[in-house]
Amino acid sequence: MSTDLPPTIDPAAALRWQALPSPDSPWLHEEVARRMEERLQWIKLQPQAWADWGPSRGGMASHARLRERYPHAECYVVEGSLESA
């Protein structure tokens with residue numbers, strides 16, 4: 001069994017990446033979010049509220065689809081910085 005620790009992310013690099021402006025969500029994030037949203041059809045209970053953590057990077061198109069899927073549920077958007085809110 002290895003005692004090596006997994007690699008860590010450089011804090012300065014992580015802050016730099018988080019501060020980068022993102023005019024569009026990355027295509028892979030949108031694709032993963034789209035596929036996950038499709039699976040929600042199997043869940044019959046409708047939520048009263050839901051939260052979207054970082055939709056500007058995670059998928060704005062999927063965020064819109066979720067708003068359509070759950071029109072009566074309260075939506076909370078959580079962004080990592082004030083610039084992206």
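Is Arg69 buried, partly exposed or exposed? At 28% relative accessibility, Arg69 counts as partly exposed. The legends below return to this residue after a look at the whole chain, and please keep in mind that the model is predicted.

**Figure 1. The whole chain holds four helices and two strands.**
Starting from the N terminus, the order of the elements is α-α-β-α-α-β. The radius of gyration is 16 Å, well over the 12 Å that the globule rule gives for 85 residues, so the chain is more spread out than a compact globule. Along the principal axes, the C-alpha atoms fill a box of roughly 45 × 40 × 25 Å. Buried residues account for 20% of the 85 residues. If you look at contacts between residues at least 6 apart in sequence, 76% of them join residues at least 24 apart. The chain exposes about 7300 Å², and carbon and sulfur atoms supply 62% of that area.

**Figure 2. Five residues make up the largest nonpolar core.**
Its members are Trp50, Leu66, Tyr70, Ala73 and Cys75. Leu66 is a handy place to start. Once its neighbours within four places in sequence are set aside, Leu66 is in contact with Glu37, Leu40 and Trp50. Trp50 thus appears both as a contact of Leu66 and as a fellow member of the core. Glu37, another of these contacts, is the subject of the next two views.

**Figure 3. Glu37 is a buried residue of helix α2.**
Why does Glu37 count as buried? Its relative accessibility is 10%, and buried means under 20%. Not counting residues up to four places away in sequence, Glu37 touches Arg65, Leu66 and Arg69. The contact with Leu66 leads back to the core of Figure 2, while Arg65 and Arg69 lead on to the salt bridges of Figure 4.

**Figure 4. Glu37 forms salt bridges with Arg65 and Arg69.**
A reminder on charge first: side chains of opposite charge can pair when their charged atoms come close. In the salt bridge between Glu37 and Arg65, the closest N and O atoms are 3.5 Å apart. Glu37 lies in helix α2 and Arg65 in helix α4 (residues 60-69), so this pair ties together parts that are 28 residues apart in sequence. Arg65 counts as partly exposed, at 26% relative accessibility. For the salt bridge between Arg69 and Glu37, the closest N and O atoms are 2.9 Å apart. Arg69 lies in helix α4 and Glu37 in helix α2, so here the parts tied together are 32 residues apart in sequence. Arg69 is the residue of the opening question, partly exposed at 28% relative accessibility.

**Figure 5. Glu31 and Arg35 form a salt bridge within helix α2.**
How far apart are the closest N and O atoms of Glu31 and Arg35? They are 2.7 Å apart. The two residues are four residues apart in helix α2, which means that about one helical turn separates them. Glu31 is partly exposed, with a relative accessible area of 23%, and Arg35 is partly exposed too, at 45%. The structure holds five salt bridges, and this view shows one of them.

**Figure 6. A nonpolar patch on the surface brings together Trp27, Leu28, Val32 and Met36.**
Together these residues have about 480 Å² of accessible area. Met36 belongs to helix α2, which covers residues 27-38. Is Met36 buried or exposed? At 55% relative accessibility, Met36 counts as exposed, since exposed means over 50%. Helix α2 also holds the buried Glu37 of Figure 3.

**Figure 7. Trp53 is an exposed residue of strand β1.**
Strand β1 covers residues 49-53. Trp53 has a relative accessibility of 72%, so the residue counts as exposed. How far is Trp53 from Pro6, going by their C-alpha atoms? The separation is 25 Å, and the two residues are 47 residues apart along the chain.

Methods
Residues numbered from 1 in each chain as written. Predicted model: local features only at pLDDT ≥ 70, side-chain atom pairs only at ≥ 80, totals over all residues. Heavy atoms only, no water. Patch = residues over 30% accessible without salt bridge, like charges linked within 9 Å, V, L, I, M, F, W, Y side chains within 5 Å. Areas by Shrake-Rupley, 256 points an atom, 1.4 Å probe, with all protein chains shown as cover. Salt bridge = Lys/Arg side-chain N within 4 Å of Asp/Glu carboxyl O. Buried < 20%, exposed > 50% of the residue type's maximum accessible area, 1.4 Å probe, protein only. Core = buried A, V, L, I, M, F, W, Y, C linked by side-chain atoms within 4.5 Å. Contact = heavy atoms within 4.5 Å. Rg over C-alpha atoms; globule rule 2.2 N^0.38 Å.
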